[in-house]
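Visitor: I'd like to learn how to read a fold like this one. Could you walk me through it?

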Amino acid sequence: MISFDFDYYKPNTIDEAIEIYKYLSLEGKTAIYYSGGTEIISQARIDKIRFDAAIDIKHIPECNIHGFQDDKLFIGSAVTLTKISDYYLFPLLSEICKKTADHTARNKITIGGNICGKVPYKEAILPFLLSDSYVVIAGVGGKKAVPIAQIFGEEPQLRSKPRLNAGEFIIQIITERDYTMLPYINIKKAKQGKVDYPLVTIASIEKDKQIRIAFSGICPFPFRSAEIEKDLNNDSVAPNERINAIISHLTAPIINDILGSSKYREFVLRNALGEVLFKFRGENNA
Ligand SMILES: Cc1cc2nc3c(=O)[nH]c(=O)nc-3n(C[C@H](O)[C@H](O)[C@H](O)COP(=O)(O)OP(=O)(O)OC[C@H]3O[C@@H](n4cnc5c(N)ncnc54)[C@H](O)[C@@H]3O)c2cc1C
């Protein structure tokens, strides 16, 4: 049960959603954008969040787009992880979505919610980081498309949440078709089964003979790092040395929690990096 009252709004257009947000702000009310609602409801039930109004963006057509237009893939922020895994338009993303949560939760969890929520793993963001995708944002100033790296910035402390201004929400994510067809590998290691929160999740693609890699579960935020990609692609040194360099260049300490100690996560990460090198370079790190 949720212990506080709140108003529920169901806009059918982006403009309507923004107008509702502006009206509520003028009234001095706090509003939250509501997508799949799984996190909002669970947090509200235990009084971790409070708000005066929920603005449900699921009925806005632009937030439900899911398909190719010319050479670009458009995925609306309200598209569920189940739909993304079933339609298989971007195989790497589909496989990651398929391993996120259980089937019942995936029927509700949306790509926008996964990327913007408080749960730090945000596994579905990894393919977008690798493919230099664009995020379309709506706000009181209108609509804009920004590189995904811009809203999940370089500073580690900012990476755990999207850099959105008050009243802004993500409408959709745009990815060049070419990226959806590249060779890839996705490794998820969890404590129990495949759909638990990750100890380590790696998404990796090869573009123009260079390996790109992004991580979740290692540090308290998902990330891609130019320095780490340089280490990984340094063919002049042995695989083991490359892996050592990567570990030394992690941008934050490795998570140490009830799911796995930092030492164990590092062990799992080393093995996963070995798999990546074997997949793309045929190299064995033994
Ligand atoms: C059973 C279960 C298992 C899970 N397992 C995993 C896992 O293995 N890996 C993983 O990465 N995550 C996992 N999660 C976390 C889940 O992906 C997040 O909690 C996600 O936020 C839920 O999405 P939602 O659509 O329900 O979000 P909501 O509850 O609707 O929203 C969550 C937050 O995101 C904001 N938000 C939503 N959409 C937008 C938007 N378009 N623009 C701006 N802000 C927005 C909301 O305002 C709110 O603050 C799991 C969750 C559950 C319930």
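Guide: Happy to. Let's start with one pair of residues: the bridge partner of A190 in β10 is P198. Keep in mind that this is a predicted model.

Visitor: What holds strands of a sheet together in general?

Guide: Strands of a sheet pair through backbone hydrogen bonds, and the pairing can be parallel or antiparallel. Here, β9 and β10 (residues 198-207) pair in the antiparallel sense, over 7 bridges.

Visitor: Which order do the strands of that sheet have?

Guide: It's an open sheet of 4 strands, in the order β9-β10-β11-β12, with antiparallel pairing. β9 (184-190) and β12 (223-224) are the edge strands, since each pairs on one side only.

Visitor: Which helices pack on the sheet?

Guide: One of them is helix α4 (residues 91-98), which touches β9 and β10. The direction of α4 makes about 10 degrees with that of β9. Helix α12 (residues 262-281) also packs on the sheet, touching β9, β10 and β11 (210-216). For α12, the angle to the direction of β10 is about 20 degrees.

Visitor: Let me try a single residue. Where does K230 lie, and is K230 buried or exposed?

Guide: K230 lies in helix α10 (residues 226-232). To judge burial, count the other C-beta atoms within 10 Å: 20 or more is buried, 12 or fewer is exposed. K230 has 14, so it counts as partly exposed. You can also look at what comes together from elsewhere in the chain: Q210 is 20 residues away from K230 along the chain, and their C-alpha atoms are separated by 9.1 Å.

Visitor: And zooming out, how many helices and strands are there?

Guide: The protein has 12 helices and 12 strands. Its radius of gyration is 19 Å, close to the 19 Å that the globule rule gives for 286 residues, so the protein is as compact as a globular protein of that length. The C-alpha trace spans about 60 × 45 × 35 Å along its principal axes, and 39% of the 286 residues count as buried. Among contacts between residues at least 6 apart in sequence, 61% join residues at least 24 apart.

Visitor: Last one: which residues are closest to the ligand?

Guide: G36, A101, G112, G113 and G117 are the closest of the 30 residues surrounding the ligand. Elements giving two or more residues to that shell are β2 (31-34), α2 (38-45), α6 (111-116) and β8 (169-176). The largest share, 4 residues, comes from α6. By class, the shell has 14 nonpolar, 11 polar and 5 charged residues.

Methods
Residues numbered from 1 in each chain as written. Predicted model: local features only at pLDDT ≥ 70, side-chain atom pairs only at ≥ 80, totals over all residues. Pairing = 2+ DSSP bridges. Contact = placed C-beta atoms within 7 Å. Axes fitted to C-alpha atoms, helices over the stretch in contact; angles between N-to-C directions. Rg over C-alpha atoms; globule rule 2.2 N^0.38 Å. Near = placed C-beta within 6 Å. Nonpolar A, V, L, I, M, F, W, Y, C, P; charged D, E, K, R; others polar.
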